[in-house]
Amino acid sequence: MRETAGRRGGLDEQAVLVAAGLADLAVSMAGTALGAVRGLLRRADTAELAAEAQDDLMARGRLALDRYAAAPPAHLEILARHALARRAADEH
């Protein structure tokens with residue numbers, strides 16, 4: 001899936017996302033990467049596949065960074081927010 005051009009970050013962000021996606025891909029699929037590359041080089045739609053691969057790597061990079069870089073919100077904080085939202089909804 002291709003994001004709209006307005007939502008894409010700068011080149012630095014793209015480079016970080018692609019690098020993180022490549023690292024995640026290498027860890028999860030190291031054994032089959034060489035065979036996949038050989039198959040891709042024989043295809044006629046290589047440019048389109050490369051664009052899709054870049055989008056996929058950026059998405060994987062975003063997921064990997066979200067998974068490892070951001071701390072999850074505190075459980076009690078989430079419960080408190082839900083309680084406040086319910087209380088506010090009951091008052092209206």
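User: What makes the meeting of the aspartate 24 and arginine 67 side chains a salt bridge?

Analyst: The N-to-O distance for aspartate 24 and arginine 67 is 3.8 Å. A salt bridge is a side-chain nitrogen of Lys or Arg within 4 Å of a carboxyl oxygen of Asp or Glu, so 3.8 Å makes the cut. The two partners sit in distant parts of the chain, 43 residues apart: aspartate 24 in helix 1 and arginine 67 in helix 3. One caution early on: this is a predicted model, where local features need pLDDT of at least 70, side-chain atom pairs count only at pLDDT 80 or more, and totals for chains, interfaces and linings use all residues. Residues are numbered from 1 along each chain as its sequence is written, and side-chain values use heavy atoms, leaving out hydrogens and water.

User: Why is aspartate 24 called buried or exposed, whichever applies?

Analyst: Aspartate 24 has 18% relative accessibility. Buried means under 20% relative accessible area, exposed means over 50%, and partly exposed is in between (1.4 Å probe, protein chains only). At 18%, then, aspartate 24 is buried. Its partner arginine 67 comes in at 45%, so arginine 67 counts as partly exposed.

User: Which other residue pairs with arginine 62 in a salt bridge, and how do you know?

Analyst: That's glutamate 13: the side chains come to 3.7 Å, N to O. Arginine 62 belongs to helix 3 (residues 46-69) and glutamate 13 to helix 1 (residues 11-29), with their positions 49 residues apart in the sequence. With 26% relative accessible area, arginine 62 is partly exposed, and glutamate 13 at 38% is partly exposed too.

User: What puts glutamate 77 and arginine 81 about one turn of the helix apart?

Analyst: Both lie in helix 4 (residues 75-91), 4 residues apart. They form a salt bridge as well, with the closest N and O atoms 3.2 Å apart. Glutamate 77 has a relative accessible area of 38%, which means it is partly exposed, while arginine 81 at 54% is exposed. Elsewhere, salt bridges that share partners join Asp24, Arg60 and Arg67 into one network. The count of salt bridges comes to 4.

User: How do you know how many helices and strands there are?

Analyst: Helices are DSSP runs of H or I with at least four residues, strands are runs of E with at least two, and both are numbered from the N terminus. By that rule the protein chain has 4 helices and 0 strands, which gives the pattern α-α-α-α along the sequence.

User: How do you know what span helix 4 should have?

Analyst: The expected span is 1.5 Å times one less than the number of residues. For the 17 residues of helix 4 that gives 24 Å, and the end C-alpha atoms are 25 Å apart, so the two agree. Helix 3, with 24 residues, reaches 33 Å, close to the expected 34 Å.

User: What makes helix 4 hardly covered?

Analyst: The count of buried residues among its 17 residues is 0. Helix 3 does have buried residues, namely Asp55, Leu57, Met58, Gly61 and Ala64, and they pack against helix 1. Across the 92 residues of the protein chain, 12% count as buried.

User: Why is the packing of helix 1 and helix 3 called parallel, oblique or perpendicular?

Analyst: The angle is about 85°, and the axes are 6 Å apart. Axes are lines fitted to C-alpha atoms, for helices over the stretch in contact, and angles run from 0 to 180 degrees between N-to-C directions. Under 35 degrees counts as roughly parallel, over 145 as roughly antiparallel, 65 to 115 as roughly perpendicular, and the rest as oblique. Helix 1 and helix 3 are therefore roughly perpendicular. Among the residues making the contact are Val16, Leu17 and Ala20 of helix 1, and Leu57, Gly61 and Leu65 of helix 3.

User: What makes leucine 17 buried, and what does it touch?

Analyst: Leucine 17, in helix 1, has 4% relative accessibility, so it counts as buried. Contact means heavy atoms within 4.5 Å. Leaving aside residues up to four places away in sequence, leucine 17 touches Leu57, Met58, Gly61, Arg62 and Leu65. From C-alpha to C-alpha, leucine 17 and arginine 60 are 7.6 Å apart in space, yet 43 residues apart in sequence.
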